[in-house]
Amino acid sequence: MEFSPSFQQGKLIKRYKRFLTDIELEDGSQVTIHCPNTGSMRNCLFEGKRVWFSISDNPKRKYSRTWELAESDQGHLIGINTGRANQLAEDAIRTGVITELQGYSYLKREVKYGSENSRIDILLRDESTTSPKQDCYIEVKSCTLLEEGQGYFPDAVTTRGQKHLRELMEMVTLGHRGVLLFVVQHTGIDSVQAAAHIDPEYARLLTKAHQSGVEVLAYCAEMSPNCSSLIKSCPVKL
């Protein structure tokens, strides 16, 4: 995924009211930008470190700038915009990077499914007439929490994430593939684990889902102010 134009740079002052962030621009002026992340952003907020943002030309937006990347104290890059995760996943499927999700002729985003009124992030379907593959329901999660060298998800209690695990298990019982895909948007993370110390119910459901046949994958992103892409798989500790 190439960014045109490339992201611009500033320094983090503070994030507040969930969706707002104050930054200092390179000329020393201060501005408020939009923070497109509903999570706690635990261990992602490093005041005084570099941040990168995109600029929208939509005149209806109150804040034209959107926070995209952050730099940690250790020099790692962190993808702040969780909305990028689905596009990264789609691009990696289409280009063959995610080897486990190949062989399908149809890809659609945000499809209604399940008994709890959800929308699946990505639906793959094989439209061949002879021995077609099972439909594949893929839930994408952005992983950015790094603690003591380990990557974790989620960074806060997520009842929505718990619902998605139940929906994936339901798809498996109906004879489809159910896949949970962690998109790792943190260059310091090389393995992913359920954050039982933050959301024990999510950790319990993830174990149950895996035992029920839900496939759990994780792929790491290479990120820069110019482009971002998934480049390799990484282990998931279950």
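A salt bridge is a side-chain nitrogen of Lys or Arg within 4 Å of a carboxyl oxygen of Asp or Glu. With that in hand, welcome to this structure, which is a predicted model. By the salt-bridge rule, the count comes to ten. Three of these pairs make a good place to start.

| Salt bridge | Closest N to O distance |
|---|---|
| Arg94 with Glu90 | 2.9 Å |
| Arg109 with Glu90 | 2.5 Å |
| Lys141 with Glu139 | 3.6 Å |

**A network around Glu90**

Look at Arg94 and Glu90, whose side chains meet in a salt bridge. Both residues belong to helix H1, which spans residues 84-94, and they sit four residues apart, about one turn of the helix. Their surroundings can be read from the accessible area. Arg94 has a relative accessible area of 54%, and since exposed means over 50%, Arg94 is exposed. Glu90 has 12%, and since buried means under 20%, Glu90 is buried.

Glu90 also forms a salt bridge with Arg109. That pair links distant parts of the chain, with Arg109 in strand S7 (residues 106-113) and Glu90 in helix H1, 19 residues apart. Arg109 is partly exposed, at a relative accessible area of 29%. Through shared partners, salt bridges join Glu90, Arg94 and Arg109 into one network. In the pair of Lys141 and Glu139, both residues are buried.

**Helix H1 and its neighbours**

Glu90 is one of the buried residues of H1, alongside Ala85, Asn86, Leu88, Ala89, Ala92 and Ile93. What do the buried residues of H1 pack against? They pack against strands S7, S8, S9 and S12, together with strand S15 (228-233). After H1 comes Gly96, with a positive phi near 85°.

**Strands S7, S8 and S9**

S7, the strand that holds Arg109, pairs with S8 in the antiparallel sense over seven bridges. One of the residue pairs here is Tyr113 with Ser118 in S8. Four residues lie between the strands of this hairpin, and Gly114 takes a positive phi near 80° there.

Is S8 largely enclosed or open to the outside? Six of the eight residues of S8 (residues 118-125) are buried, so this strand is largely enclosed by the rest of the structure. S8 is also joined to strand S9 (residues 136-143) by three bridges, and these two strands run antiparallel. Ile122 has Ile138 in S9 as a bridge partner.

**An open sheet**

Another part of the model to find is an open sheet of four strands, in the order S10-S11-S13-S16 and with mixed pairing. Its edge strands are S10 (145-147) and S16 (236-237), each of which pairs on one side only. S10 and S11 run antiparallel and are joined by three bridges. Within this pairing, Glu147 is the bridge partner of Gln150 in S11.

**Helix H3, with a buried side**

Helix H3 covers residues 200-211, twelve residues in total. From its first C-alpha to its last it reaches 17 Å, close to the 16 Å expected at 1.5 Å a residue. Its buried residues are Tyr202, Ala203, Leu205, Leu206 and Ala209. Why can they be said to line one face of the helix? Seen down the axis of H3, the buried residues fall within an arc of 165°, so they line one face.

The face turned away from that buried side carries the exposed residues Pro200 and Gln211. The cover over the buried residues of H3 includes helix H2 (159-173) and several strands: S11 (150-153), S12 (177-184), S13 (192-194) and S14 (215-223). Two of the strands of the open sheet, S11 and S13, are therefore part of this cover. Just after H3, Gly213 takes a positive phi of about 110°.

**What the record says**

The UniProt entry, which is unreviewed, annotates residues 84-226 as "domain: Sugar fermentation stimulation protein C-terminal". Over those residues the chain is 27% helix and 36% strand. The C-alpha atoms at the two ends of this stretch are 14 Å apart.

Notes: Residues are numbered from 1 along each chain as its sequence is written. This is a predicted model: local features need pLDDT of at least 70, side-chain atom pairs count only at pLDDT 80 or more; totals for chains, interfaces and linings use all residues. Side-chain values use heavy atoms; hydrogens and water are left out. Buried means under 20% relative accessible area, exposed over 50%, partly exposed in between (1.4 Å probe, protein chains only). UniProt positions are given in the numbering used here, feature names are shortened, and annotations may be inferred rather than shown by experiment. The expected span of a helix is 1.5 Å times one less than its number of residues. The arc is that of the directions from the helix axis to the C-beta atoms. Contact means heavy atoms within 4.5 Å. Two strands pair if DSSP finds at least two bridges between them.
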